[in-house]
Structure formats: structure tokens, C-alpha cells
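This report describes selected packing and charge contacts in one protein model. The sequence and the structure are shown first.

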Amino acid sequence: MKTQLSRFLNARSTIITILCLCFGAGAAVGYFWPATRVSVLAWLTLPAVFLAARYRIIAYLLLCTACLFLGWWRGGAYRTQVLRYTSLNGQEVTVEATANGDAVYGIASQLTFEAGHIVVNSRSMVGTMQISGFGVPMVFSGDEVRVQGKIFVARGNDAARISYARVAVLRKGSSPLDNFRRRFAAGMQTALPEPLASFAMGLLVGQRNTLPPAVSQQLQMVGLTHIIAVSGYNLTIIVHAAKRLLGKRSKYQYVATSVALVLCFLAIAGLSPSMVRAAVVCGLSLATWSYGRELKPSALLALSAVITIAINPQYAWNNVSWTLSFLAFFGVLIISPIATKRLFGGREPPMVPAIVIESLSAELMTTPYILLIFGQASLVSTLANVLVAAFIPLAMLLATFSAFAGMWLPILAGVVAWPAVMLLTYMLDIVTLLSKVPHAYVQNVAFPISGMVMAYIAALFICLVAWRKGSQNDIITDRT
């Protein structure tokens, strides 16, 4: 028993995971009990770690306590700033902010966009704000705006919202990158007919606001909404492509090219919570790989969660997409390898079984949370992923060629885009066909939080048993 405990405490990935969990738990505590001065306890605890270095368990306990206090301080400090919106709830305010993306037409033909760098009544605020209103023909990403209207506290990704506001553009902020992104979207519209063009933009950069409501509903019914939500899957495709081309030639070229591609993709797609998480995961993986090390999935997920929470604790408090993103990655990075090893041993599984295992693993982790939050589930999502998800990398490549053809060779765009039209049409036809399966989409399910907790406990218990029986300690964590 003592030897097993020693191995457990010596495992680098185990230590990193536990410390990150302590920081995250502290940030969660800070949401309910903000304490901005609790960081003093952390700085008082850290010296004790070195004094107790001879007693490893005590040193680790003190280090966990320090991480807990640091998370509590960060969460409490951010929560205190978010609570400033509560005192303004329902009041007429003047807001100066910067648009985080191009506006779209929403309810009652209002221009709707998300804004950051918020100043309310000459007071700087944290978080983002959803703004809807009238007064200007268009608001583009990077524009500095002045908004007048009633502010209300929001739930979810944004800290507050203003509707039916009076919007004025103070300063145009369109960068060359923003202009290129708009030209790229226009080229896609030139090369591909609707709804294929909007579907392709959803696959590439997660742009969903131009997708017809009927197509969005069908994707939701078959459990494929995630393919048009920009996430780590897009970045994984890019990094894997760079590794195939350059991984065997030069480590430096592979890492440099991958980092450049990830940064370009982030600049085009935006810094959504799921993209921030995916970028952190890719960045940590590339950094450790370049130094001849490898972070195990548990430590990789925990460390990326802590980094994103430290940047914006609101991600962990009430951001559904951030939570779903981590749950899905837990299934793909941890549960899927265990299931694959148990079923195929050391052999590489065929493409279709691999997709099925990854889809089921992701669904196992996300379904309880989706049932709790939305009360809905798709019974054909696994089949839809097998028939559609395997073609996403090729569809992204063909759609990119089509968009460039629409930008630079509009006369030949139809010819260049023909393969993309065929593949995207197939994918949407599959979605339409599966959405018509009777009782394939379950709604209004009353699922209590206790049921979600029990489901995750059962899933983690099964995962732990399968891991121990398979002697696969090096999958989730490392040993020394």
C-alpha cells in the first residue's frame, strides 16, 4: 500500500491534475463566497511547503491548500467585479465597448453582436455583453461603439445584455484580418449555393448565424450541432495535417507551422470559450512534445481548464459550451483510449469502429449534462456521426478551395467547387434523412441534478475498473 501511494505521489501527471482540481474547486468556492483577500493565505502556505519538503505527503497537502486559496482568490475577485452589473440591473446606462464580431440581424430586425472592453457610465467592467439595437446600418468586428439603453444581468456566456438600444459607431476598427475573413465568406457564397455555403462556413469557422433555421434544427435533432460549432476538432485536423507533412522532417518546422496555423485559425474564428480551451490544449501538447515530454490526458485537460479559468472564471461558472467541450474531450481523450485498448488490444482500430468508440465516449460524458440543461437527446447521433463525421476533414479542405476560387477566380468557382457541392450535399441529405426517423429526437425530459451526478459517478467507476483491469496506468497518468 505504501509503495502504491509513493508511486501515485511521484507521478507528475497525477500531481498536476490534483493541483489543478484544487485551483478549480477554489474558483468555484469564490463564486458563492467571494473573498478577494484570501490570496494572503496562499502566500503564507507556500513557504511551509519548502519547510515540509522532507515529509512528502504534508508538503503536497500544503501545496494543494495553496492552490485552493489561489483559486478562491481569483474566483472571488472576478465575481466581485461581475456583481457590479447587479447594481445597474434595469437602469438606463451609456456603454462604450468594442464589438467582438460582426453584427447580425436578430429579433425585431435589431443589429445583434457581442462586445468586450466594456465601460459603463465611465466605469470599466469585466466580461462580455450582448447588445441589440438600432441606429447604424452595420457594426463590424473591432468597431468601437457607444450604446444607450437599459442594462440587464444575463446568464450564460455574457455578463449582461442590452436590447432595443441606441447604437452609434465611434471609431471603425476593421483590421486587414477582419477584411480577409469577410472576403473569404463572400468567396464561399460565390462558389457554393445555399445552404451549402453557410454549412461550409459552419464547418470551417463555426459561423452559425447564417445557417437556415431548418438546417440548424435538423442538425440538433441528429446530434451533429457540434460539427458547426468551432472547437478543438477543427484545430486537431489542422495540427494532424501539419504533423503528417512535417513531423518526420523537422521538429522545429512542425511546431512552428502548427503554432502559426493555430494562431491564424484563432484570429479568424474568434476567441470563443471552446476555442480558447482547444488552443490551450494544442499549445500545451505542442510545447511538451517539442521538449521530448508528453502530458497525459488527465493532466492536459486539468491544466488547460485551470488556464482558461484563470483568464476568465466565468467560463466554469455558467458557460454551457465550455462545460460541454471539456466533457466531450474527457470522453475522447480518456474513455475512448481505454475502450479501444480493451476491444482491440495494441492494434490500431479501423476508421469506422474508431469513430463509433469516440462518438459513444463523448456522448457518455455529455448526455447527462445535456439532459439536465436542455432536457433533450438524439437517439441517432452515433449513426449520424459515423455517416457524416468521417468526411468532415475532406469537406473542410474542399470548402476552403472553393472559397479561394470564389475570391480570386469567380469565373471558375463553379467548376472548382463541384467536389465540395457533392460532398456537402451528401452530408446534409444524411442529416435530413435521419431527422425524419420517428422518435429519434427526445425533448422535455425531466432529468434531476441527482440523476446527472449518479450517471457521472457510474461512468467514472466503470472507467476506473476498465483501466485497472487493462493495466493501462500509462493512458490516464504516468508512473515513475
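In this predicted model, helix 7 (residues 196-205) packs against helix 17 (residues 392-408) at an angle of about 115°, and the two axes are 9 Å apart. The crossing of this pair is left-handed. Helix 7 contributes Ala200, Leu203 and Leu204 to the contact, while helix 17 contributes Ala395, Met396, Ala399 and Thr400. By class, six residues of this contact are nonpolar and one is polar, and none is charged.

A second helix pair involves helix 2 (residues 12-32) and helix 12 (residues 297-311), whose axes come within 8 Å and cross at roughly 30°. Angles under 35 degrees count as roughly parallel, and helix 2 and helix 12 are therefore roughly parallel to each other. Helix 2 passes helix 12 in a left-handed crossing. On the side of helix 2, the contact is formed by Ser13, Ile16, Thr17, Cys20, Phe23 and Ala27; these residues meet Ser298, Ala299, Ala302, Leu303, Val306, Ile309 and Ala310 of helix 12. The contact of helix 2 with helix 12 holds ten nonpolar and three polar residues, with no charged residue.

Charged side chains are considered next. The count of salt bridges comes to four, and the table lists three of them.

| Acidic residue | Basic residue | N to O distance |
|---|---|---|
| Glutamate 92 | Arginine 166 | 3.1 Å |
| Glutamate 96 | Arginine 146 | 3.5 Å |
| Aspartate 143 | Lysine 172 | 3.8 Å |

The salt bridge between glutamate 92 and arginine 166 has an N to O distance of 3.1 Å. This pair links distant parts of the chain, with glutamate 92 in strand 1 (residues 92-99) and arginine 166 in strand 7 (residues 160-171), 74 residues apart. Glutamate 92 has a relative accessibility of 46% and so counts as partly exposed. Arginine 166 is likewise partly exposed, with a relative accessible area of 48%.

Strand 1 also holds glutamate 96, whose partner, arginine 146, lies in strand 6 (residues 144-153), 50 residues apart in the chain. For arginine 146 the relative accessibility is 32%, which makes this residue partly exposed. Glutamate 96, at 36%, is partly exposed as well.

In the salt bridge of aspartate 143 with lysine 172, the side chains meet at 3.8 Å, N to O. Aspartate 143 lies in the loop between strand 5 (129-134) and strand 6, and lysine 172 lies in the loop between strand 7 and helix 6 (176-191), so the pair ties together parts that are 29 residues apart in sequence. Are the two partners buried or exposed? Aspartate 143 has 0% relative accessibility and counts as buried, whereas lysine 172, at 57%, counts as exposed.

For the protein as a whole, the secondary structure comes to 21 helices and nine strands. Buried residues make up 45% of the 480 residues. Of the contacts between residues at least 6 apart in sequence, 73% join residues at least 24 apart.

Conventions:
Residues are numbered from 1 along each chain as its sequence is written. This is a predicted model: local features need pLDDT of at least 70, side-chain atom pairs count only at pLDDT 80 or more; totals for chains, interfaces and linings use all residues. Side-chain values use heavy atoms; hydrogens and water are left out. Axes are lines fitted to C-alpha atoms, for helices over the stretch in contact, and angles run from 0 to 180 degrees between N-to-C directions. Helices (H or I, at least four residues) and strands (E, at least two) are DSSP runs, numbered from the N terminus. Angles under 35 degrees count as roughly parallel, over 145 as roughly antiparallel, 65 to 115 as roughly perpendicular and the rest as oblique. A crossing is left-handed if the near helix is turned anticlockwise from the far one by less than a right angle, and right-handed if clockwise. Contact means heavy atoms within 4.5 Å. Ala, Val, Leu, Ile, Met, Phe, Trp, Tyr, Cys and Pro count as nonpolar, Asp, Glu, Lys and Arg as charged, and the others, Gly among them, as polar. Buried means under 20% relative accessible area, exposed over 50%, partly exposed in between (1.4 Å probe, protein chains only).
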